[in-house]
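User: I'd like to go through the empty spaces and the chain contacts here, and I'll keep asking how each label is earned. Ready when you are.

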Amino acid sequence: MRQPADKRDRGFLAFLALFAGLYVALILGMLVADATYTTPRDLLNALESEEIRYAAKLSLTSSTITALLSVWFAVPIGYLLSRTEFTGKSFVDGVLDIPIVLPPMVIGLSLLILFQSPLGEAIESQVPVTYRVPSVILAQFAVSCAFAVRTMRVTFDQLPVRPEQVALTLGASRAQAFWRVTLPQAGGGALSAGLLAWARALGEFGPILVFSGATRMKTEVLPSTVWLELSTGNLEAAVAVSLLMVLAAITVLVTARALGVRRGW
Amino acid sequence: MVICFDSVALNQGDFHLSNVSFEVPAGAYAVLMGPTGCGKTTVLELLCGLRAPLIGKIHLDGADVTKLSPAARGVGYVPQDGALFPKLTVGEQIGFALRVRRAPEAEVVARVAELGELLGVGHLLGRSPHGLSGGERQRVALGRALAFRPKVLCLDEPLGALDEDMHGEMCALLKSIHAESGVTALHVTHSANEAEELATQLLRFESGSIRTSTPRENER
């Protein structure tokens, strides 16, 4: 005899909950392990170090600049891919995925080589990039922007095209229809794209290590700090800095989400 | 304004439209009927310039508009379910066409107020479209399309989602707007009642082509 439907449904829901529970437990477990390994004293010590304060400041500012730049690029690219057909579109689409699938070290190495080419040297002669702060932002941007582009593409794909078409019949140019009708609807997507780009940029390590180095008080960002502290055997400081990054990420996520909810995104 | 389709054909993936020819005289209220999926909405999109025909010509008052952009055609469009702009207030939607034309703000405000009153949505001007009823959405979409005084108005099942009371009311409203403005209307519907009530000309998709008749002919 078959079981009643609600009993069978309970089994299915339990199956879903089991996997959700396992993964959530893994994530929380990692955070709890960090938090219990370190003491408030370790955190304060980390914050008292001038080098770590510099790294934190550079991490936060470079990630924010990267996130803004990424959204600035991702909005037009995402819209172009979502709303237009052109020759070579699938090629462009494929190229835009390269930073997502390429190993991070390879991205750093490629940037380093690019800036040793004649073009790169011409840029370097005007604005020094390699092993300096601009290289940190460029290394972060090279990866983060690809994630922002994907998010914006999906955002525009999900927005109905009809209101935009109506705007055209009302006398709007394509640019006016985009600015006045479509872009205001994409606020939530742009916020998600920015947050994703920001989080990727904050955690960026490999490309920065290769392209910018990890020079203290110069190009050291928080992930480099973790690596530097670990390599000198200072596990407490490494964990404390990791926790700082977790706290910074949570603060930005919660603040941005609250802002988004208030604005109806 | 006379609407004229001359042997228009279109290929869009699996969808084909071939040899569509018809003419709607200036000031007529044409109702286009036909089975689901036969291309009624596509005809409206072709007229508005949202799709380009593969072959054939579209004329408005004798002028070839086949290659004109939607903005240059001056055809008012009320799509199915309104397709209101989600982030603009009702007043901003109605004033949209005049604002993109850089009309003086006083003129925009006056026209929005006038249409708000005419369509019975004057009390909603400051509201976002979110939470409007089906009838209200259609009225706002109609006001938005009428704001720039188009000579041609395309309506895609504007009464489809309305209850019976609202249906009658909207029918009367469309009739009076048509009589007052003298706009040439092309109205797509499934409902024979709607056609009977509104049409001065009937267009019917029959085996791939459009047959034109007057309502009286139709009754016989």
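User: Which element gives the most to the lining of the largest cavity?

Analyst: That's H6(B), with 3 residues. Keep in mind that this is a predicted model. Helix H6 (164-181) and strand S7 (152-156) of chain B each supply at least two residues of that lining.

User: What makes it a cavity and not a pocket?

Analyst: The test is whether the probe can escape: a 1.4 Å probe fits in a cavity but cannot get out, whereas a pocket is an open set. The count comes to 1 cavity of 30 Å³ or more, and the largest cavity has a volume of about 30 Å³.

User: Which residues line the largest cavity, and how do they divide by class?

Analyst: The lining is made of B:Tyr29, B:Leu153, B:Leu155, B:Leu174, B:Ile177, B:His178, B:Val183 and B:Ala185. By class that gives 7 nonpolar, 1 polar and no charged residues. Tyr counts as nonpolar under this scheme and His is not in the charged list, so B:His178 is the polar one.

User: On to the chains. How many residues are in contact between chain A and chain B?

Analyst: 18 residues of chain A are in contact with 23 residues of chain B. The two chains bury about 1,800 Å² between them, and 67% of that is on carbon and sulfur atoms. A:Arg162, A:Thr169 and A:Leu170 supply 39% of the area that chain A buries against chain B, more than any other three residues.

User: Why is the pairing of A:Arg162 and B:Glu45 called a salt bridge?

Analyst: Set the distance against the cut-off: the side chains meet at 2.7 Å, N to O. The rule asks for a side-chain nitrogen of Lys or Arg within 4 Å of a carboxyl oxygen of Asp or Glu, so the A:Arg162 and B:Glu45 pair qualifies. Across this interface the rule finds 1 salt bridge, along with 4 residue pairs in polar contact.

User: Which elements of chain A give two or more residues to the side that touches chain B?

Analyst: Those are helix H9 (162-169) and helix H10 (174-182) of chain A. H9(A) has the largest share, 7 residues. The residues on that side of chain A divide into 9 nonpolar, 6 polar and 3 charged.

User: Now the open spaces. What lies nearest the centre of the largest pocket?

Analyst: A:Leu68, A:Val71, A:Val75, A:Ala190 and A:Leu191 lie nearest the centre, out of 27 lining residues. The pocket holds about 750 Å³ of space. Helix H3 (50-83), H10, helix H11 (187-203) and helix H14 (235-262) of chain A each supply at least two lining residues, and H3(A) has the largest share with 8.

User: How do the lining residues of the largest pocket divide by class?

Analyst: They divide into 21 nonpolar, 4 polar and 2 charged. The five nearest the centre are Leu, Val or Ala, so each of them counts as nonpolar.

User: And which residues are closest to the centre of the second largest pocket?

Analyst: With about 450 Å³ of space, that pocket is lined by 17 residues, and A:Leu31, A:Ser242, A:Met245, A:Val246 and A:Ala249 are the closest to its centre. Ser is not among the nonpolar or charged types, so A:Ser242 counts as polar. The whole lining has 14 nonpolar, 2 polar and 1 charged residues. Helix H1 (5-37), H11 and H14 of chain A each supply at least two of them, and H14(A) has the largest share, 7 residues.

Notes: Residues are numbered from 1 along each chain as its sequence is written. Chains are lettered from A and ligands numbered from 1 in the order in which they are written. This is a predicted model: local features need pLDDT of at least 70, side-chain atom pairs count only at pLDDT 80 or more; totals for chains, interfaces and linings use all residues. Side-chain values use heavy atoms; hydrogens and water are left out. On a 1 Å grid over the protein atoms alone, a cavity is a set of points where a 1.4 Å probe fits but cannot get out, and a pocket is an open set with protein on both sides within 12 Å along at least five of seven lines; lining residues have an atom within 4 Å of a point. Grid points are joined across faces, edges and corners, and a volume is the space filled by probe spheres set on the points. Helices (H or I, at least four residues) and strands (E, at least two) are DSSP runs, numbered from the N terminus. Contact means heavy atoms within 4.5 Å. Buried area is the accessible area (1.4 Å probe) that two parts lose on being put together, summed over both. A polar contact is a pair of N or O atoms within 3.5 Å; within protein, one must be able to donate a hydrogen and the other to accept it, and residues adjacent in sequence count only if both atoms are side-chain atoms.
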